[in-house]
Number of protein chains: 2
Amino acid sequence: MDNNDSNPLIQTSKRYHHGDLRNALIRAGQALLAEEGIAGLDLRKVARAAGVSHAAPYRHFADKQALLAAIAEDGFYQLAEGMDAATRRAPTNAAAQLEQLAHAYVRFALDHPAHMREMFSGLTVKRAAYPQLHAAAKQAFQRVVQVIERGQNQREIGPGEPADLSMVAWAQIHGIAMLLIEDQLPGVKGNEQAIAGLIAHCIRTLYAGLGQNASA
Amino acid sequence: MDNNDSNPLIQTSKRYHHGDLRNALIRAGQALLAEEGIAGLDLRKVARAAGVSHAAPYRHFADKQALLAAIAEDGFYQLAEGMDAATRRAPTNAAAQLEQLAHAYVRFALDHPAHMREMFSGLTVKRAAYPQLHAAAKQAFQRVVQVIERGQNQREIGPGEPADLSMVAWAQIHGIAMLLIEDQLPGVKGNEQAIAGLIAHCIRTLYAGLGQNASA
DNA sequence: ACCTGAACACCGTTCAAGT
DNA sequence: ACCTGAACACCGTTCAAGT
């Protein structure tokens with residue numbers, strides 16, 4: 001991903017003939033998303049940022065939707081990576097794993113709010129037309145399923161379809177993340193302590209509820 | 001161009017001088033949102049649907065953002081109304097109240113997915129600049145707080161700041177709704193039974209978790 | 001094979017002008 | 001007071017033409 005080119009002297013300009021324009025556009029799109037929000041995501045601006053004409057992207061993407069799908073897809077991989085890193089360094093008990101998973105999820109959302117919204121805004125992207133995007137989303141969701149399954153194996157989480165329990169957990173975590181970035185939770189956004197408290201509260205509730213299911 | 005003569009039975013045309021154009025635009029916007037999704041939400045199209053020139057909306061809204069804010073605001077009132085109706089006809093125990101609240105929330109989202117997304121997409125609307133929108137959102141959130149408080153009074157839900165517990169509950173419900181309309185939950189969307197099952201599962205988990213907090 | 005520049009239809013916004 | 005029509009800058013998309 002990082003541009004460790006064999007020739008460090010040649011940086012930009014006329015080098016996109018190499019076939020890296022596709023990735024350059026994706027990265028430029030993400031950068032604009034970060035700097036200007038969804039408004040920054042217009043094809044001509046992305047092309048400009050990548051140093052090519054406004055027609056060049058059409059050599060690599062069928063249309064704007066396709067670029068958006070590629071940007072979203074990349075986001076799901078980044079999100080999954082973040083969750084992996086978080087669960088790897090957390091204790092292996094389910095409560096800690098869930099909490100770290102949630103922290104990583106919320107962290108990604110707060111660090112890249114526009115990207116996060118873009119990833120989940122089915123309107124800017126018709127999911128069904130982009131199987132790669134669908135696969136990337138599914139692959140991220142698998143991180144939640146994994147943690148739930150491990151929790152069940154360790155008898156910390158009750159029985160039941162892991163997919164079902166995972167949906168409950170994912171919805172809870174996704175809900176916090178989205179309400180947070182939309183600033184719908186009064187007095188929480190921007191307050192790290194309040195955020196951590198809310199996540200802890202959510203996970204405690206979730207964990208207790210999932211445990212309850214075991215004995216019910 | 002569709003000029004009806006002065007027949008009083010014909011209700012459209014030149015009657016917006018009455019001062020109802022503002023509301024007509026909001027309704028037209030919602031209709032287009034329902035029919036064409038977010039793509040239908042362009043100012044010129046909305047104006048056309050309302051039967052006025054593309055410059056007319058500027059007499060009632062500062063810009064496109066302001067129209068979007070008004071449409072979102074209206075959505076929050078409709079959502080709150082739906083939640084009210086649902087909780088009114090449900091049994092008064094907290095579990096039933098929560099479940100009916102969730103059903104109404106998810107129902108609104110599934111019935112008006114584009115509107116729902118528009119309401120929660122901070123990108124299309126900078127929250128802070130629209131106090132009325134903020135108030136409408138808060139007012140909807142109060143429905144959740146109400147149910148939580150009643151549950152606490154009835155000793156079904158443990159102690160704690162109602163606002164905190166409500167955030168947990170709202171995040172859970174919001175998460176299901178959003179993941180559902182984005183079709184991120186494999187095999188659930190379109191299957192009424194699966195939807196009801198998921199909601200029940202979420203609420204059971206939530207309720208058990210919130211109850212747990214009581215004794216902890 | 002990959003990119004450019006002109007062209008087209010269309011959108012958000014403004015403004016002088018109409019009633 | 002409220003709306004229209006022309007105008008401007010800009011965007012998504014296409015296509016003939018360049019290298």
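The following paragraphs describe how two protein chains are arranged with each other and with two DNA strands in a predicted model.

In this predicted model, local features were required to have pLDDT of at least 70 and side-chain atom pairs were counted only at pLDDT 80 or more, whereas totals for chains, interfaces and linings use all residues. Residues are numbered from 1 along each chain as its sequence is written, and chains are lettered from A and ligands numbered from 1 in the order in which they are written.

Superposition by least squares on the C-alpha atoms of residues with pLDDT of at least 70 in both copies lays chain A on chain B with an RMSD of 0.0 Å, through a turn of 180° and a shift of 0.0 Å along the axis. The two copies are thus related as by a two-fold rotation axis. Both copies use the same surface, in that 100% of the contact residues of chain A recur in chain B.

The contact between the chains, in which two residues are paired if their C-beta atoms, placed from the backbone, lie within 7 Å, takes 36 residues from chain A and 36 residues from chain B. On the side of chain A that touches chain B, α5 (113–120), α7 (162–181) and α8 (192–215) each supply at least two residues, helices being DSSP runs (H or I, at least four residues) numbered from the N terminus. The most is given by α7(A), with 12 residues. This side of chain A has 19 nonpolar, 12 polar and five charged residues, where Ala, Val, Leu, Ile, Met, Phe, Trp, Tyr, Cys and Pro count as nonpolar, Asp, Glu, Lys and Arg as charged, and the others, Gly among them, as polar.

Both DNA strands were examined for nearby residues, a residue being near a strand if its C-beta atom, placed from the backbone, lies within 6 Å of it. DNA strand C is surrounded by 18 residues, the closest being S53(A), A55(A), D42(B), L43(B) and K64(B), and helix α2 (residues 43–50) of chain B gives the most to this surface, with three residues. Around DNA strand D there are likewise 18 residues, of which D42(A), L43(A), D63(A), S53(B) and A55(B) come nearest, and the largest share, three residues, comes from helix α2 (residues 43–50) of chain A. The surface near DNA strand C has eight nonpolar, four polar and six charged residues, and the surface near DNA strand D has eight nonpolar, four polar and six charged residues.

Within chain A, the axes of helix α1 (residues 21–36) and α2(A) come within 9 Å and cross at roughly 115°, where axes are lines fitted to C-alpha atoms over the stretch in contact and angles run from 0 to 180 degrees between N-to-C directions. The helices α1(A) and α2(A) are therefore roughly perpendicular to each other, a term that covers angles of 65 to 115 degrees. Their contact is made by L21(A), A24(A), L25(A), A28(A), G29(A), A31(A) and L32(A) of α1(A) and by K45(A), V46(A), A49(A) and A50(A) of α2(A), and comprises nine nonpolar, one polar and one charged residues.

In chain B, the axes of helix α3 (residues 64–88) and helix α5 (residues 113–120) come within 9 Å and cross at roughly 110°, which makes α3(B) roughly perpendicular to α5(B). Here L68(B), I71(B), A72(B), G75(B) and F76(B) of α3(B) contact H115(B), E118(B) and M119(B) of α5(B). Helix α1 (residues 21–36) of chain B also packs with α5(B), at an angle of about 115° and with the axes 7 Å apart; in this pair, Q30(B), L33(B) and A34(B) of α1(B) meet A114(B), H115(B) and E118(B) of α5(B).

Note on methods
Angles under 35 degrees count as roughly parallel, over 145 as roughly antiparallel, 65 to 115 as roughly perpendicular and the rest as oblique.
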